Structures are given as structure tokens and as C-alpha cells.
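Here are my notes for you to read beside the model. Please keep the sequence and the 3D view open as you go through the points.

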Amino acid sequence: MKRLLLVDDDVDCLKALGSRLRFAFRETGLTVDTAESASTGVILAHTFTYDAVIVDLVMPGTTGTAFIQQLKQIQPAVPIIVISGREPTEQTEKNGRLSALAFFPKPIDYSALRAVLRSLLVPADMGHAA
């Protein structure tokens, strides 16, 4: 079974995106864990092994960039997808992109996000499922 971590301080986005992804990948048995803060995301990353992580770049407290640095120490090979609702500074965006497989501004192009996730989460023989 595949497992995805979604980290975003925007609770509405977290719930909506989590629900859409659970539905889109329902045939694969995808588990979507959600975290409303980077610190909760770090705890979950210590608890579970993830096949992919989606993280908001701009969050209060521990930023998405700091979370990515911590995550890379816990799960160095996990693919990371960065999302952001605000225009990140050039340096923040550069730092986030260095470790990220993809970057999506909010509102998220859901079809493009789903395509990236499909390549990570769906075996070739199940390619039609999501």
C-alpha cells in the first residue's frame, strides 16, 4: 500500500486536497496522512515511510523549506512536491525547488499534480486506475 503525506497550514486546502487525492487514487489503496504544521509532519515522517510528500512552502512557525531539510534527514529518498499560496521570495523558492520533484502555485493545477503523483504511486500495470 502506498502512503502520501500532505503538510499545509491552510486547513481548508488540506481537507479538500486530501479528500480529492484519496478519491482519485482509491483503487491503489493510497493512504493520505495530513498535517496542519511542519512539526506534525516531522512526527508523522518519523512514524511512517512515505512514497511522496506534498508540502506548503510558506507556513507560520517552521517553514516548508525547514520542514524539507528535516524530512531529508529522516527519509532522504522521498519525492517531495512543493505547493505555495503566496509568491515565495526568490531564495525561498530556490531552496524549496532544490529538493522538490515539482512546484505548484495555488490554486493547484490538480490534473498536473495528479499526473506527477500517478508516476510515483501507481504501478505501470495499474496506470489506468487514477
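**Notes on the predicted model**

1. Read along the sequence, this protein alternates strand and helix in the pattern β-α-β-α-β-α-β-α-β-α, which is made up of five helices and five strands. Please bear in mind throughout that the model is predicted.

2. Among contacts between residues at least 6 apart in sequence, 67% join residues that are at least 24 apart. Of the 130 residues in the protein, 45% are buried, and the accessible surface comes to about 6,700 Å², with 52% of that surface belonging to carbon and sulfur atoms.

3. Which aromatic rings pair with each other? A search of the whole structure finds one aromatic pair, formed by Phe48 and Tyr50, whose ring centres are 6.3 Å apart and whose planes meet at 70°, so the pair is edge-to-face. The reasoning rests on a cut-off, because planes over 60 degrees apart count as edge-to-face.

4. The two partners of this pair should also be looked at for their exposure. Tyr50 has a relative accessible area of 4% and is therefore buried, whereas Phe48, with a relative accessible area of 29%, is partly exposed; the cut-off needed here is that buried means under 20%.

5. Phe48 deserves a second look, since Arg3 lies over the face of its ring, at 3.7 Å from the ring centre. A further arginine, Arg20, lies over the face of Tyr110, where the distance from the ring centre is 3.6 Å.

Terms used:
Residues are numbered from 1 along each chain as its sequence is written. This is a predicted model: local features need pLDDT of at least 70, side-chain atom pairs count only at pLDDT 80 or more; totals for chains, interfaces and linings use all residues. Side-chain values use heavy atoms; hydrogens and water are left out. Rings of Phe, Tyr and Trp (its six-membered ring) pair if their centres lie within 6.5 Å; planes under 30 degrees apart count as stacked, over 60 as edge-to-face and the rest as tilted. Buried means under 20% relative accessible area, exposed over 50%, partly exposed in between (1.4 Å probe, protein chains only). A charge sits over a ring if NZ of Lys or CZ of Arg is within 6 Å of the ring centre and within 35 degrees of the ring normal. Helices (H or I, at least four residues) and strands (E, at least two) are DSSP runs, numbered from the N terminus. Contact means heavy atoms within 4.5 Å. Accessible areas come from the Shrake-Rupley method with a 1.4 Å probe; for residues, only the protein chains shown count as cover.
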